[in-house]
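Me: Hi! I've got a structure open and would like to talk it through with you. Can you help me find my way around?

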Amino acid sequence: MTNIINEINSAYPISDDSMQALKETLTLCTFPKKYLLIKENTFCKSAYFIEKGMTRSFWLVNGEEITTSFSCEGGIVFSMDELYYNKVSEEFVETLEEVVAYRISLADLNRLFQTNIEFANWGRIIHQNEYRRLHRSHKERLTLPAKERYEEFQQQFPQVCQRAKLGYIASYLGITLPTLSRLRARK
């Protein structure tokens, strides 16, 4: 759990006792590449802390996959619709590599948020960071040309640039694959 513990503590330091409370709720899982951890229009009832590997979240719009985010070592993935609104997921989460993760039930995660101030604060911080990422991404899509969007993405997510398919990155940036290929060729 080294990557997960390091990422949690980098966002908000958690005591050993609180970390133990988390560990008691986790189940180790391994998923193959291209596995759907979360599916649109279903209840998953779990969140996943990623120890090794990478995932992407996407919507299916008129048969086209629109990438909304990526998550790597130390990250957590779950359906916000399910966790906060008790509604089925509106998106998919797919493994892009073999993934080693720790599963926690959403009931246990909510219980930690409600009963443990350290996890409540950690949850607030990760959601602040996610809101900032979404806000920044939205602003960049509306105000920056494709070249500058890609440059910003490279700075923010160097791991993703090295590990994800270009088509997924192009989708996330809101540009076509040929446009992204041309931008990369100019470097």
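Me: Let's start with Ile104. Which residues is Ile104 in contact with, leaving aside its neighbours within four places in sequence?

Reply: Happy to help, and do keep in mind that this is a predicted model. Setting those neighbours aside, Ile104 contacts Leu22, Thr25, Leu26, Lys45, Ser46, Ala47, Phe49, Leu109 and Leu112.

Me: And which residues have the most contacts inside the largest nonpolar core?

Reply: Ile104 is one of them, along with Ile8, Leu22, Phe49, Ile76 and Trp122. That core has 20 residues.

Me: Which elements supply at least two residues each?

Reply: Those are H1, helix H2 (16–23), strand E3 (46–52), strand E8 (99–105), helix H4 (106–115) and H5. H4 gives the largest share of this core, with four residues.

Me: What's in the second core?

Reply: The second core is separate and has 18 residues, among them Cys72, Ala146, Ile175 and Leu180.

Me: You mentioned a cysteine, so on to a new topic. How many disulfides are there?

Reply: The count is zero. Take Cys44: the nearest cysteine sulfur belongs to Cys29 and is 10 Å away.

Me: Is Cys44 buried or exposed?

Reply: Cys44 counts as buried because its relative accessibility is 19%, and the cut-off for buried is under 20%.

Me: Why is Cys161 without a bond to Cys72?

Reply: Because the two sulfurs are 10 Å apart, which is too far for a bond. A disulfide needs the sulfur atoms within 2.5 Å, and Cys72 holds the closest cysteine sulfur to that of Cys161. Cys161 is also buried, at 15% relative accessible area.

Me: Good to know. Now pockets: what volume does the largest pocket have?

Reply: About 1,500 Å³. Of the 47 residues lining the largest pocket, Ser69, Phe70, Asn129, Glu130 and Arg133 are the closest to its centre.

Me: Which element gives the largest share of that lining?

Reply: H5 does, with 12 residues. Other elements that give two or more include strand E4 (55–61), strand E5 (64–71) and helix H7 (158–163).

Me: How does the lining split by class?

Reply: The lining of the largest pocket has 20 nonpolar, 17 polar and 10 charged residues.

Me: Last one: where is Pro178?

Reply: Pro178 is in helix H9, residues 177–185. With a relative accessible area of 48%, Pro178 is partly exposed.

Me: And how far apart are Pro178 and Ala164?

Reply: They are 14 residues apart in sequence and 16 Å apart in space, C-alpha to C-alpha.

Definitions and conventions: Residues numbered from 1 in each chain as written. Predicted model: local features only at pLDDT ≥ 70, side-chain atom pairs only at ≥ 80, totals over all residues. Heavy atoms only, no water. Buried < 20%, exposed > 50% of the residue type's maximum accessible area, 1.4 Å probe, protein only. 1 Å grid on protein atoms, 1.4 Å probe; cavity = no way out; pocket = protein on both sides within 12 Å on 5 of 7 lines; lining within 4 Å. Points joined across faces, edges and corners; volume = space filled by probe spheres on them. Nonpolar A, V, L, I, M, F, W, Y, C, P; charged D, E, K, R; others polar. Core = buried A, V, L, I, M, F, W, Y, C linked by side-chain atoms within 4.5 Å. Contact = heavy atoms within 4.5 Å.
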